[in-house]
Amino acid sequence: MFDVRIILVEPCGALNLGSVARIMKNMGLSQLWLVNPQCDRHSEQAQHMAVRAKHILDSAQIVDTLPEALVGCQRAIATVGRISTGTLKPLQPSQGLSWLTAVQSSAIVFGREDRGLSNSELQYCQQAIAIPTSEDYPSLNLAQAVGICCYQLHSLYESRSNSFDAIASQINRDLVNSATMEAIEAYYEKLETILLDIGFLYPHTAFSKMYKLRQLFNRVNLTTTEVTMLRGILHQVSWALKKDSIQQE
């Protein structure tokens, strides 16, 4: 099965948590990460709903922030209900998960039960998916959303297993070359600092402009070599700025 993390951001329902563990077990997934959980994974409700997947709850990784949960991942995709114009455009689950699983380590990020993911959290994901639902009642329960995505992953794995030789070479290239999320995030942080220093960004508009720049680079699916090159450029720019500042003094 694919090595995909299921990341829940601030889950508040113990019943949902147990149900998520159970469907993960059903579909062959085991990596559960909880970002600042608002419920107890060891509670009676969570353990009862997990049934034979209690070990997934017990071994879940607990972190404070989403970037911490994404350390080591090469790709991350957010699950959303809807996104306003100008931000990430959601893909169909089959399309988004196919992109996600072309690398060795990746994650699906699920938001809070009541309000989903914030704009600042969405910026850490390169793509987004939206599960098509009826307009009469479009809202999905968290565990249901996780279950649908886990099933899609399982189906995708089965279909690829039947035709693995035809796609193995492309997947292997992606496994080797794709940059990790923390390497890309370090580049974005340095980029923002430099752009603020040179006056391209202003503090009150930095978030929205950086969001657009993130989307631009995320569409490219940066490799480790490319990130290293881009960070080298920023290092040289930073050096030149400091040199010019010293000469003017």
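# Close-up views of a predicted model

**View 1. Helix 5 has a buried side.** In helix 5, five positions are buried: Pro-93, Gly-96, Leu-97, Trp-99 and Leu-100. These residues lie on the same side of helix 5, because they cover an arc of only 155° around the axis. The structure shown here is a predicted model. Helix 5 spans residues 93-100 and supplies at least two residues of the largest nonpolar core.

**View 2. The whole chain combines helices and strands.** The secondary structure comes to 11 helices and 6 strands. The chain has 249 residues, and 45% of them count as buried. Now take the contacts with a separation of 6 or more. Residues 24 or more positions apart account for 82% of them.

**View 3. Six strands form an open sheet.** The order of the strands is 3-2-1-5-4-6, and the pairing is parallel. Strand 3 and strand 6 stand at the edges. Each has a single partner strand, so one side of each is left without a neighbour in the sheet. On average, neighbouring strands are turned by 25° against each other, direction ignored. Helix 5 packs on this sheet and touches strand 1, strand 4, strand 5 and strand 6. The direction of helix 5 makes about 160° with that of strand 4.

**View 4. Strand 2 pairs with strand 1 and with strand 3.** Strand 2 is largely enclosed by the rest of the structure, because 4 of its 5 residues are buried. Strand 1 and strand 2 pair in the parallel sense over 5 bridges. Which residue of strand 2 is the bridge partner of Ile-7? The partner is Trp-33. Between the two strands, the chain passes through helix 1. This β-α-β crossover is right-handed. Strand 2 and strand 3 also run parallel, joined by 3 bridges. Here Trp-33 stands opposite Gln-61 in strand 3.

**View 5. Strand 4 meets strand 6.** Strand 4 covers residues 75-79. Its parallel pairing with strand 6 has 3 bridges. Ala-78 stands opposite Ala-128 in strand 6.

**View 6. The largest nonpolar core draws on helices and strands.** This core holds 38 residues. Which of them touch the most other members? They are Ile-6, Leu-8, Leu-32, Ile-108, Phe-110 and Val-146. Several elements supply at least two residues each, including strand 1 (4-9), helix 1 (14-26), strand 2 (31-35) and strand 5 (106-110). Helix 7 gives the largest share of this core, 8 residues.

**View 7. Ile-6 has many listed contacts across the chain.** Residues up to four places away in sequence are not counted here. Ile-6 touches Val-20, Met-24, Leu-29, Gln-31, Leu-32 and Trp-33. Ile-6 also touches Ile-108, Phe-110, Val-146 and Cys-150. Another core, of 21 residues, lies apart from the largest one. Among its members are Ala-69, Val-109, Leu-117 and Ala-128.

**View 8. Leu-117 is a buried loop residue.** Leu-117 lies in the loop between strand 5 and helix 6 (119-122). Is Leu-117 buried or exposed? Its relative accessible area is 14%, so Leu-117 counts as buried; the cut-off for buried is under 20%. Not counting residues up to four places away in sequence, Leu-117 touches Val-9, Ala-78, Thr-79, Val-109, Phe-110, Gly-111, Arg-112 and Leu-122. Leu-117 and Gly-81 are 36 residues apart in sequence. In space, they are 9.7 Å apart, C-alpha to C-alpha.

**View 9. Gln-47 sits in helix 2.** Helix 2 is the place of Gln-47. At 15% relative accessibility, Gln-47 counts as buried. Gln-47 is in contact with Arg-41, His-42, Lys-54, Leu-57 and Asp-58, leaving aside its neighbours within four places in sequence.

**View 10. Two loop residues have a positive phi.** Glu-10 is found in the loop between strand 1 and helix 1. Its phi is near 50°, a positive value in a residue other than glycine. Val-51 lies in the loop between helix 2 and helix 3. Phi of Val-51 is near 55°, again positive in a residue other than glycine. Val-51 counts as partly exposed, at 36% relative accessibility.

Methods. Residues numbered from 1 in each chain as written. Predicted model: local features only at pLDDT ≥ 70, side-chain atom pairs only at ≥ 80, totals over all residues. Heavy atoms only, no water. Core = buried A, V, L, I, M, F, W, Y, C linked by side-chain atoms within 4.5 Å. Buried < 20%, exposed > 50% of the residue type's maximum accessible area, 1.4 Å probe, protein only. Contact = heavy atoms within 4.5 Å. Arc of directions from axis to C-beta. Pairing = 2+ DSSP bridges. Right-handed = clockwise from strand over helix to strand, strands pointing away. Axes fitted to C-alpha atoms, helices over the stretch in contact; angles between N-to-C directions.
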